[in-house]
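Here are my notes on the model you sent over, in numbered points. Keep the viewer open while you read, since most of the points name residues to click on.

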Amino acid sequence: MIHNPVLRGFEPDPVILRVGDDFYIATSTFEWYPGVRLHHSRDLVNWRSLGGVLDSRRLLDLTGVPDSGGIWAPGLSYADGLFHLVFTVVDTYAEGWKDLPNHVITAPSIEGPWSDPVPLHGRGFDVSLFHDREGTGRSWLVNMRFDWRPERESFAGIELQEYDRTARKLLGLPRTISVGTAAGVAEGPHLHHRNGWYYLVHAEGGTGYEHGAAVARSRDLSGPYEPDPAGPLLTSRHDPTLELQKAGHCSLVETRDGQWYAAHITARPYGERGRCVLGRETALQPVTWTEDGWPRIAGGVPAVTVPAPGLPPAPVPEPPATDHFDAPTLGPDWSTLRRPAGPEWVEPMSGRLRIRGGQSPVGRRTPSLVARRVTARRCSFETELTFAPGSCDHMAGLTAYYNTRNWHYLYVTAEDDGSPVLRALSCEAGKLTAHPPRIPLEPGHPVVLRAELDGPHLQFSYGTGGEGAQAAAGPVLDATVLSDEHADEFHEGQLRVLGFTGAMLGLWVQDLDGSGVHADFAHATYRTIPDAHS
């Protein structure tokens with residue numbers, strides 16, 4: 001059986017691809033490096049993270065991108081013996097405007113090496129490539145069209161334009177092939193060809209609780225496309241009691257023996273239509289076809305447990321709970337904020353991770369944050385920190401993080417007399433709150449820091465003198481501020497901040513006066529704590 005979500009925590013906008021006996025899913029990463037996370041499976045049940053593709057400034061520059069900007073909804077495909085990855089880098093999205101440069105890169109292997117990015121266009125986002133093997137033999141770029149004009153609908157439909165794989169450039173003029181359904185907000189398009197029909201699968205209804213996926217088809221690639229008269233392929237919008245909410249944004253894949261599956265977004269709120277601390281996750285549903293050629297998901301709703309395809313089991317090893325940073329590079333579960341991991345600021349050593357201090361928590365150029373996704377309602381994250389702060393401008397510790405405006409932080413800093421102290425600080429919608437008590441520390445001694453999430457509650461704790469984290473450090477905090485719903489901000493009806501990611505747990509260091517301070521983390525241990533919702 002397949003147990004959903006198959007990719008837990010912040011893993012949205014999945015595009016699924018089969019090459020031979022291998023299945024791949026690529027997901028959005030927004031302001032986090034490496035850009036575009038990849039996952040591999042041979043049975044659709046067991047998935048292994050391969051880390052991210054866009055791991056250097058040659059491939060991706062996220063300097064200064066807004067919260068939940070950066071990489072939106074990539075497209076992964078295969079043709080001519082090459083993997084093709086198309087992606088949008090969202091530089092701005094608020095105040096009625098969007099700057100949306102799109103690029104394509106290729107590689108002979110999923111592990112790379114990946115070619116230099118080639119610019120495509122900036123008219124819209126959620127790009128994907130369709131290689132029409134059964135029809136024209138040509139390739140086409142599809143995306144949603146964004147219209148900035150105040151008197152127009154900003155989601156202006158699904159656009160198609162030919163792409164020359166050899167020259168790596170767009171040909172001709174774009175054509176709008178669909179404006180979606182009455183649910184509105186047509187985006188996330190993928191094209192499929194089956195039995196002489198072209199199928200356009202796209203997201204609709206926005207990314208919240210009205211989210212869904214729709215299908216339209218045409219005998220001609222350029223349309224017109226007829227929407228499925230049966231309604232959405234998948235949605236949770238009509239049933240708030242479903243465990244998997246916000247279902248939509250599908251892409252389809254066919255196994256070697258003709259079984260079809262849809263990879264889609266979902267979310268697991270805390271309470272009915274509550275906040276989704278785990279962000280938008282990835283799930284799989286079996287797809288059948290009607291006699292007259294329409295795809296169907298059972299009931300049109302997402303199921304937690306579904307039949308797996310008839311493939312040989314391919315289990316993957318469970319990653320170790322503790323990372324001792326013995327490898328020369330960070331492992332695939334780690335991400336870094338707005339700048340790639342490099343020796344100028346982050347350095348794994350045998351038995352420790354050295355992080356050089358970066359910008360303040362609101363800095364968007366050179367923050368020093370190494371983090372991993374929260375994947376379960378109940379989990380813990382622990383590290384041992386050695387740090388010698390010289391002033392209040394030096395901070396290092398453990399954070400539960402959503403974006404620059406929403407986070408909780410347990411950190412070591414220095415008092416005015418230079419003595420080290422442990423403090424807890426929260427930021428909710430940009431407002432800072434310092435939590436008592438101020439905990440004195442012994443200079444030069446390591447301290448164990450721990451965060452434990454229990455659904456909507458977060459508790460920091462600490463330990464010294466070789467002990468584990470046993471003493472509470474501050475009050476129980478509200479973990480639901482680390483959610484898409486809390487992060488969304490509007491001012492007088494105008495969008496200011498989007499929430500598209502999910503909660504992260506990480507190691508954070510600030511050097512606000514440029515002294516060159518660093519912190520050493522002896523290990524990082526992440527454990528999930530099973531419960532009925534995990």
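1. Let me start with Arg273, which is partly exposed, with a relative accessible area of 29%. Keep in mind throughout that this is a predicted model. Arg273 is not a glycine, yet its phi is positive, at about 55°. You'll find Arg273 in the loop that runs between strand E21 (260-267) and strand E22 (281-289).

2. Asp13 belongs in the same conversation. This residue, also something other than glycine, has a positive phi near 60°. Its loop is the one between strand E1 (2-3) and E2. Is Asp13 buried or exposed? Asp13 counts as buried because its relative accessibility is 7%, and the cut-off for that label is under 20%.

3. From Asp13, step along to the open sheet of four strands, whose order is E2-E3-E5-E6 with antiparallel pairing. Strand E2 (15-19) and strand E6 (48-54) are the edge strands, each pairing on one side only. From one strand to the next, the twist averages 25°. If you want to check one pairing by eye, take E2 with strand E3 (residues 22-27): the two are antiparallel and share five bridges. Val19 is the residue standing opposite Asp22 in E3.

4. Next, strand E32 (residues 406-414), which is mostly covered: nine of its nine residues are buried. Which residues point which way from E32? Asn406, His408, Leu410, Val412 and Ala414 go one way, while Trp407, Tyr409, Tyr411 and Thr413 go the other, and all are buried.

5. E32 has a partner in strand E31 (residues 394-403), and these two pair in the antiparallel sense over seven bridges. Leu398 has Leu410 in E32 as its bridge partner. The connection from E31 to E32 is a hairpin through two residues.

6. E32 also pairs with strand E33 (residues 420-428), again antiparallel, and here nine bridges join them. Val412 stands opposite Leu422 in E33. E32 and E33 make a hairpin with five residues between them, and Gly418 in that turn has a positive phi of about 90°.

7. Now for the packing. The largest nonpolar core has 47 residues, and the ones touching the most other members are Ile355, Leu385, Leu422, Phe460 and Leu505. So Leu422, met above as the residue opposite Val412, turns up here too. A second, separate core of 40 residues includes Val90, Trp140, Ile158 and Leu337.

8. Leu385 is a handy one to centre the view on. Setting aside neighbours within four places in sequence, Leu385 is in contact with Ala396, Gly397, Val412, His445, Pro446, Val447, Leu449, Ala519, Asp520 and Phe521. Val412 in that list is one of the buried residues of E32.

9. Ser391 is another residue to look at around here. Ser391 sits in the loop between strand E30 (378-387) and E31. Not counting residues up to four places away in sequence, Ser391 touches Thr413, Ala414 and Asp513. Thr413 and Ala414 point opposite ways from E32. Ser391 counts as buried because its relative accessibility is 18%, against a cut-off of under 20%.

10. On cysteines: how many disulfides does a search of the whole structure find? Zero. Cys250 is in no disulfide, and the nearest cysteine sulfur, that of Cys276, is 17 Å away. Cys276 is in no disulfide either, with the nearest cysteine sulfur, that of Cys379, 16 Å away. Burial is a separate matter: Cys250 is buried at a relative accessible area of 0%, and Cys276 is buried at 1%.

11. Last, the cis peptide bonds to check before you set anything up. One joins Gly223 and Pro224, with omega about 5°. Pro224 is found in the loop between strand E17 (212-218) and strand E18 (226-227). Another cis peptide bond joins Pro436 and Pro437, with omega about 0°. Pro437 is found in strand E34 (residues 431-440).

Notes
Residues are numbered from 1 along each chain as its sequence is written. This is a predicted model: local features need pLDDT of at least 70, side-chain atom pairs count only at pLDDT 80 or more; totals for chains, interfaces and linings use all residues. Side-chain values use heavy atoms; hydrogens and water are left out. A nonpolar core is a set of buried Ala, Val, Leu, Ile, Met, Phe, Trp, Tyr and Cys residues joined through side-chain atoms within 4.5 Å. Buried means under 20% relative accessible area, exposed over 50%, partly exposed in between (1.4 Å probe, protein chains only). Contact means heavy atoms within 4.5 Å. Two strands pair if DSSP finds at least two bridges between them. Axes are lines fitted to C-alpha atoms, for helices over the stretch in contact, and angles run from 0 to 180 degrees between N-to-C directions. A disulfide is a pair of cysteine sulfur atoms within 2.5 Å.
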